[in-house]
Structure formats: structure tokens, C-alpha cells
Amino acid sequence: MRTSLNIDVNKWPDLWQAAYRVIEQEVVPTKLQAWIQPLEMAGVEESASGMRVQLVAANKFTADWVRDNYRQVLESAFTRATGAKCEVAISFKEAGQDSANEAGEAGQVNSSYQPPIEDPLDRSIEVSSNTDSGSGQFNDRGRRQSDSKLDNRYIFNNFVVGASNQFAHASCVAVAENPARQYNPLFLFGPPGLGKTHLLHAIGNHLLMRNPNARVAYLSAEGFVNDLIDSLQHKKMPQFRTKYRDSYDMILIDDIQFLAGKKSSEEEFFHTFNALHGSKRQIVVSSDRPPKEIEGLEERIRTRFEWGLIADIAPPEIETRIAILKAKAERDDIYLPDDVATFLATHIKSNVRELEGVLIRLQAQASLTGAEISLEMAKHELKTAIPEEGSHFTAEAIQAAVVKHFRIRVQDLKSMNRSRNIAMPRQIAMYLMRKYTSMGYKEIGAYFGGKDHSTILYGCAQIEKKLESDSQIRDAVEAIQNLL
Ligand code: ADP
Ligand code: MG
């Protein structure tokens with residue numbers, strides 16, 4: 001069948017592309033990227049009134065959302081593209097049927113997509129190149145700067161979307177667009193360095209952009225605990241309660257796993273949650289693992305997390321890693337040749353923060369030496385950061401090398417001793433075991449006198465973070481790797 005526009009409807013990609021070009025005119029990039037782009041076209045058939053287009057979303061959540069919000073836009077786009085009256089049906093893939101996504105196909109499409117910066121909303125926030133973190137102040141419109149603690153460098157527009165984070169990204173956009181409607185709380189989880197904090201800030205920034213008077217707070221669970229301790233000490237609990245329970249329309253709390261096992265903090269958080277949720281205000285939390293795996297978290301809090309939407313973030317696929325590197329390079333005006341981007345993305349797989357760190361170090365080196373970033377330079381830089389192809393060591397060998405380097409004993413690694421001269425080598429041993437063995441966090445814990453999952457995860461994350469900034473730690477890790 002040929003339509004008036006001469007599109008062969010048997011060629012779905014052509015038809016999808018034609019419709020997509022129409023939709024692009026009508027939907028802002030953030031939403032386009034979150035909702036429309038990940039859709040796949042599964043078929044087209046003639047119907048009594050015209051045509052029926054089958055679209056497939058990655059999951060039920062996305063399918064429902066698209067049906068509720070974009071069906072008309074889609075139908076009119078297909079109608080315009082084909083010249084025939086089109087109906088659109090949106091289904092979703094069953095769990096486990098995600099082959100295209102998992103193979104990275106969808107990731108490739110998504111990640112290679114560079115949203116044109118024309119979203120009138122997103123553009124109103126200035127992306128500051130200022131790198132000292134924390135202040136996060138808005139520099140326009142006199143927004144509520146002091147209490148929001150939002151970092152305006154983290155917005156949806158500079159978050160690269162691929163199959164691994166598409167669902168999390170879409171959930172965050174949904175919540176930022178329609179707070180406290182369907183998805184309250186939103187629980188975001190995934191390993192360190194994959195963009196949870198970025199997304200939390202992006203939700204807040206997006207909401208403020210749409211509504212500059214919205215009252216949004218971003219804080220870490222640790223910040224909540226410290227504030228609580230301080231308020232208890234200074235007899236300021238009424239103020240504390242008013243602040244968290246009554247003064248915000250939306251609260252974004254990062255690294256909520258930190259609350260686990262802290263009784264009074266959990267108690268306070270429980271009531272805060274109830275007050276916010278009960279009065280239809282949005283709560284978003286992030287964690288390094290799903291609610292049911294947060295050991296020691298009170299059951300009643302866990303249950304509440306499960307009331308809402310739970311979205312996970314997995315390490316990005318290679319295409320997304322390359323896209324992230326290129327986006328960062330472009331943003332910071334760094335010349336990054338393709339072969340270097342591919343090399344870095346091939347070797348650094350599980351942490352975007354690490355990927356950024358290497359890029360920054362390469363840039364520093366390039367400007368120091370006056371040479372351009374090259375493959376040679378990248379290989380040299382990564383020598384200490386990545387294991388040789390196929391290298392593998394036993395847990396015992398790693399512990400032996402660590403204790404030899406630091407002149408301590410294996411018993412020290414397994415002990416509870418928290419002094420720095422023991423704790424730091426212990427964390428390095430954890431980090432190297434994670435890197436050079438295939439053991440999970442729990443298994444590694446068994447080699448350290450039965451420490452739990454979160455202790456190991458924390459230890460590894462600490463070293464990963466310090467490797468970027470602390471040359472002493474980098475030297476130690478390098479020396480131990482040489483011993484191995
Ligand atoms: P997490 O909170 O999960 O540990 P962060 O949000 O701190 O991770 O992310 C670490 C760094 O990586 C940040 O600078 C963030 O901007 C960047 N990052 C992570 N994922 C992405 C992505 N998909 N696109 C762009 N930048 C990303
Ligand atoms: Mg974080």
C-alpha cells in the first residue's frame with residue numbers, strides 16, 4: 001500500500017522516521033528522549049478507518065505513560081506522515097523479553113541521539129562550568145537558592161540516555177513533570193557512579209524551571225542524620241520537624257541506605273515520609289541497592305519504599321559510555337579523538353565517574369605537556385587503572401600483597417580496627433579484590449572477617465573516589481599491582 005506521501009507502509013523504519021520527524025516539532029527534547037525515542041515500531045496494518053500502528057515500549061510503566069500522554073500526538077504524527085487516518089496501539093515487552101535493549105541496540109539509538117538544545121524550559125537554566133561543587137546556586141530569577149541545595153550543573157539535558165538508564169531517566173522525568181501524582185515515592189537504585197545523584201538534582205532543577213516557586217530540597221541521608229543529631233543536641237526538634245515535614249513540596253534524599261540501623265534517624269524519617277506522602281508531596285530517594293536488600297532497614301520504611309515506583313540504573317553499554325565521554329569532552333571543550341574515546345569506554349565499564357576522572361586527568365596532562373590527547377597517552381594513563389587483559393588473582397594473593405606493601409598483618413585486614421593505617425589498606429584490598437576477582441561484595445566480605453555487603457561496597461567506592469584525587473593512594477595501588 002502506498003500512501004499519499006509515497007511512503008511504503010511496509011517499510012516500518014521509514015514510516016517511523018517520518019512520524020518521528022513530525023513529533024520532533026511538537027515535543028521538547030527531554031520528553032522526546034524519555035518517552036518517544038525508546039519506542040519501537042512492531043507493525044502496521046490496515047484497519048476499517050485507515051491504519052493501525054503498533055508501538056512497543058520497554059515496560060508497562062512507559063507504555064501506560066505514553067498512552068496517557070502522547071497517544072494523540074503519535075496518532076496525529078502518523079496521520080500527517082502517511083496521509084491516512086492512523087490509530088496507534090501501545091504495548092510493552094514482558095519482563096525478560098528485552099533482547100533489543102540488552103543487546104545495546106536501543107542504547108545505541110538513544111545514546112547517539114544528541115538532543116538539540118532548544119527546549120525553552122531547559123535552556124533557562126544556565127549550565128555553569130564552575131567545577132567547585134556544593135554551592136549549586138541558581139543565578140537567575142532569584143530562586144530559592146539557600147534551602148534547595150540543588151546543583152544546577154546536573155540537568156536532564158546533559159544526562160546521556162541509553163538502555164541501561166532509560167527507565168530510571170523516564171521515571172525521573174515523569175516525577176519532575178507531575179510530582180506526587182502516580183509515582184510517590186520514586187526509589188532509584190544502582191551501583192556508585194552511574195548518575196543517581198545527577199538524576200536527583202535534575203528532577204529538582206526541572207521542577208524549579210517549570211515552577212520557580214516550588215519548594216524543593218536536595219539532601220543526602222547523611223545530611224538528614226547530621227541535622228537530626230544537631231537538632232537533638234541543641235533542643236531544636238520542633239524546628240527540625242517543621243523544616244522536613246512542612247516546608248517542602250518535594251524532597252530528594254540521596255543514598256538512603258545510610259539510614260539503615262540508625263534507630264532514631266529511621267524513626268524521624270518514617271514520620272517525615274508519612275507527613276510528606278500524606279499531604280501529597282513528592283519524595284524521591286536513591287540507594288545503592290533495592291529496598292529489600294538494605295540490611296537493617298526498618299520494615300515499615302521498606303514497605304513504604306515499595307508503595308511507589310522502583311527504578312534501577314545499570315552500568316551503561318559501550319555506545320552510551322562513548323556518548324557520555326564525547327558529551328563531556330564537548331562541554332569542557334576538550335579535544336578527544338575517536339580512538340581514545342573508544343579505548344577509554346572499552347576499558348572503563350562500570351563507573352561513569354571513573355570515566356570522567358580519566359578524561360579530566362588526560363586533559364590536565366595534555367595542557368601540561370602542550371600535546372594533544374592521544375591513544376598513547378590514554379594507554380599510559382590507564383596502565384594503573386585497569387587490569388591487564390585476562391589478569392586474575394586470588395583473594396589470598398591480593399591480601400598478601402597488600403599486607404606486604406603496608407607492613408601489616410592479614411589479621412589486621414580481618415579485624416575491626418578502624419585506625420587509618422589499617423582501614424585504608426583494608427579498603428585497598430577490598431577494591432583490588434573487586435577488580436581482579438569475580439567475587440561479589442558479600443563473598444569479598446567473608447575474606448575480611450565476615451564484613452557485610454555495604455562495608456565492602458563503601459570501601460571500594462572510597463578507593464575509587466580517592467584514586468582520582470589522592471596521589472598517595474594511587475601510588476600505593478600501583479605498587480601493590482606491581483607486586484601482584
Ligand atoms: P551516583 O550518584 O550514582 O554515584 P553520580 O550522579 O554522582 O553517580 O554520577 C557520577 C558522575 O557521572 C557525575 O558527574 C554525573 O554527571 C556523571 N554521569 C553519570 N551518568 C551519566 C549519564 N548517563 N550522562 C552523563 N553524565 C553521567
Ligand atoms: Mg550519588
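Start by selecting Val44 and Val53: Val53, in strand 2, is the bridge partner of Val44. You're looking at a predicted model, so treat this as a walk through computed geometry.

Now widen the selection to strand 1 and strand 2 (residues 51-57), which pair in the antiparallel sense over six bridges. Add strand 3 and you have an open sheet of three strands, ordered 1-2-3, with mixed pairing. At its edges sit strand 1 (40-46) and strand 3 (86-92), each pairing on one side only. From one strand to the next, the twist averages 20 degrees.

Next, show residues 60-82. That's helix 3, packed on this sheet and touching strand 1, strand 2 and strand 3. Its direction makes about 155 degrees with that of strand 3.

Time for the other sheet. Five strands form an open sheet here, in the order 5-6-7-4-8, with parallel pairing. Pick out strand 5 (216-220) and strand 8 (309-312) at the edges: each has a single partner strand, so one side of each is left without a neighbour in the sheet. The twist averages 15 degrees from one strand to the next.

Zoom in on strand 6 (residues 250-254) and strand 7 (residues 282-287), which run parallel and are joined by four bridges. Select Leu252, and you'll find its bridge partner in strand 7 is Val284.

Finish with two helices. Helix 8 (residues 166-177) packs on the sheet and touches strand 4 (186-189), strand 6, strand 7 and strand 8, with its direction about 140 degrees from that of strand 8. Helix 12 (residues 263-278) lies across strand 6 and strand 7, running at about 140 degrees to strand 7.

Terms used: Residues numbered from 1 in each chain as written. Chains lettered and ligands numbered in written order. Predicted model: local features only at pLDDT ≥ 70, side-chain atom pairs only at ≥ 80, totals over all residues. Heavy atoms only, no water. Pairing = 2+ DSSP bridges. Axes fitted to C-alpha atoms, helices over the stretch in contact; angles between N-to-C directions. Contact = heavy atoms within 4.5 Å.
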